[in-house]
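Trainee: I've got this model open and I'd like a close look at one part of it, the first sheet. Could you walk me through how its strands line up and then place it in the rest of the chain?

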Amino acid sequence: MNEEKLTSVLEDLGLQKLRSSNGNIMALCPFHSDRSRSWGISTEDRNHVWQCFAGCGSGTLAMLVARIKNIDVVEAIRWLERYDADVADLGSENDWFIPTFEESRTKKGEFSIPETALAVFSSSIHKSILKRGFSISFLRKFEVCTDSKLKRVVFPVRNTNGKLVGFVGRTWVKNATLRYYFYASFPKGQYLLGSHLPIDRKKPIHLVEGPVDYLRGHQAKLPNVLCSMGCTVTNAQLRLLLQTGCSDLVCLYDQDRAGQLAKRKLYEKLDGRMQLYDAPIPEGQDIGGMSSSAVQKVAKRAELYGLFV
Ligand SMILES: [Zn+2]
């Protein structure tokens, strides 16, 4: 929106001592008792990114509205529509998600994102994931959605209680340097993708590396598919694995060097508390790229790890 409109939004929000300066509007920070205009918002940036230089945070215009009016961002966008704002644009990951995540940290230090945050992403499903042989209804079941701005297929992550705790975005850009993106520095090491789903204790856990592997594991109807979102199992993830009460764990990590090393570390960490099985994934492949029937076969052929280590 133009500066004039932005100014009237800010005035309506109760901001004081507005002054235009070099592509910004400076004002008294609405979040601390400010006497010297420590707060500024960009008039030129499409998302109108703002920041308090005294440390009250930063965000987009929609986030400012949400914070001042104590409503969620989706409502804030609706509120802004009256100013004829170009509100379809929610801003990049940095100015959108970080404060939302931080503010949603619970007393236990756990993240819990409001369900409405899901609305940031498009519920349409990108062809790059459909091409991998998943049906739309299957992908919907796993809440797969699209971040068209960052060109990522988005996988929501829930904790064992079903609370939304983060998002993993997988790029559909070929040869992108950052294949996976963890929104707002989501502490992925604290969670396992899939841990909100029921666990059958009589069956083994099937541990996979990436979200597409996770989908493939489910498509192949493997029981208890959990995804470590990378091939490192942290101590927090280890606790989650042990908490399932399952006695066996089939590891479906890639057979590359990183995967081998990860399995060895996992074996050591498990320290006999669970039996580790190694699935013979063909060299250079990952289960995300294999057919469901091939995945079933490879999971069945998993061998007890550690015998020759
Ligand atoms: Zn401030």
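Mentor: Sure, let's start in the middle of that sheet, where Met-26 stands opposite Gly-40 in strand 3. Keep in mind as you look around that this is a predicted model. The pair belongs to strand 2 and strand 3 (residues 39-42), which run antiparallel to each other and are joined over four bridges.

Now step outwards from strand 2. Strand 2 covers residues 24-27, and its pairing with strand 1 is antiparallel too, over three bridges. A handy marker there is Ser-20, which sits opposite Ile-25 in strand 2. Going the other way, strand 3 pairs with strand 4 (residues 50-52), again in the antiparallel sense and over three bridges. Look for Ile-41 here: its opposite number in strand 4 is Trp-50.

Put those pieces together and you get an open sheet of five strands in the order 1-2-3-4-5, with antiparallel pairing. The edges are strand 1 (19-21) and strand 5 (57-59), each of which pairs on one side only. On average, neighbouring strands in this sheet are turned by 20° against each other, ignoring direction. As for what links them, strands of a sheet pair through backbone hydrogen bonds, and they can do that either parallel or antiparallel.

Keep following the chain and you come to helix 2 (residues 61-69). This helix is mostly covered, with seven of its nine residues buried. The buried ones are Leu-61, Ala-62, Met-63, Leu-64, Val-65, Ala-66 and Arg-67, so don't skip over that arginine when you scan the list. Just after helix 2, Asn-70 has a positive phi of about 55°.

Leu-61 turns up again when you look at the nonpolar cores. A core of 21 residues includes Leu-61 along with Val-9, Cys-29 and Val-73. That one is separate from the largest nonpolar core, which has 54 residues. In the largest core, Leu-193, Leu-249, Val-250, Cys-251 and Leu-252 are the residues with the most contacts inside it. At least three of its residues come from domain 2 (115-187), and at least three from domain 3 (205-304). For a feel of the packing, click on Leu-252: leaving aside residues up to four places away in sequence, the residues it touches include His-206, Leu-207, Val-208, Ala-279, Ile-281 and Ile-287.

There's another sheet to set beside the one you asked about. It is open as well, with four strands in the order 6-7-8-9 and antiparallel pairing. Its edge strands, each pairing on one side only, are strand 6 (145-147) and strand 9 (180-182). Neighbouring strands in this sheet are turned by 35° against each other on average, direction ignored. Strand 6 pairs with strand 7 (residues 152-158) in the antiparallel sense over three bridges, and you can find the spot by looking for Cys-145 opposite Val-154.

Finally, zoom out to the full chain. You'll count 10 helices and 14 strands in it, and 39% of its 309 residues are buried. Among contacts with a separation of 6 or more, 51% are between residues 24 or more positions apart.

Definitions and conventions: Residues are numbered from 1 along each chain as its sequence is written. This is a predicted model: local features need pLDDT of at least 70, side-chain atom pairs count only at pLDDT 80 or more; totals for chains, interfaces and linings use all residues. Two strands pair if DSSP finds at least two bridges between them. Helices (H or I, at least four residues) and strands (E, at least two) are DSSP runs, numbered from the N terminus. Axes are lines fitted to C-alpha atoms, for helices over the stretch in contact, and angles run from 0 to 180 degrees between N-to-C directions. A nonpolar core is a set of buried Ala, Val, Leu, Ile, Met, Phe, Trp, Tyr and Cys residues joined through C-beta atoms within 7 Å. A residue is buried if 20 or more other C-beta atoms lie within 10 Å of its own, exposed if 12 or fewer, and partly exposed in between; C-beta atoms are placed from the backbone. Domain bounds come from an automatic or database domain assignment. Two residues are in contact if their C-beta atoms, placed from the backbone, lie within 7 Å.
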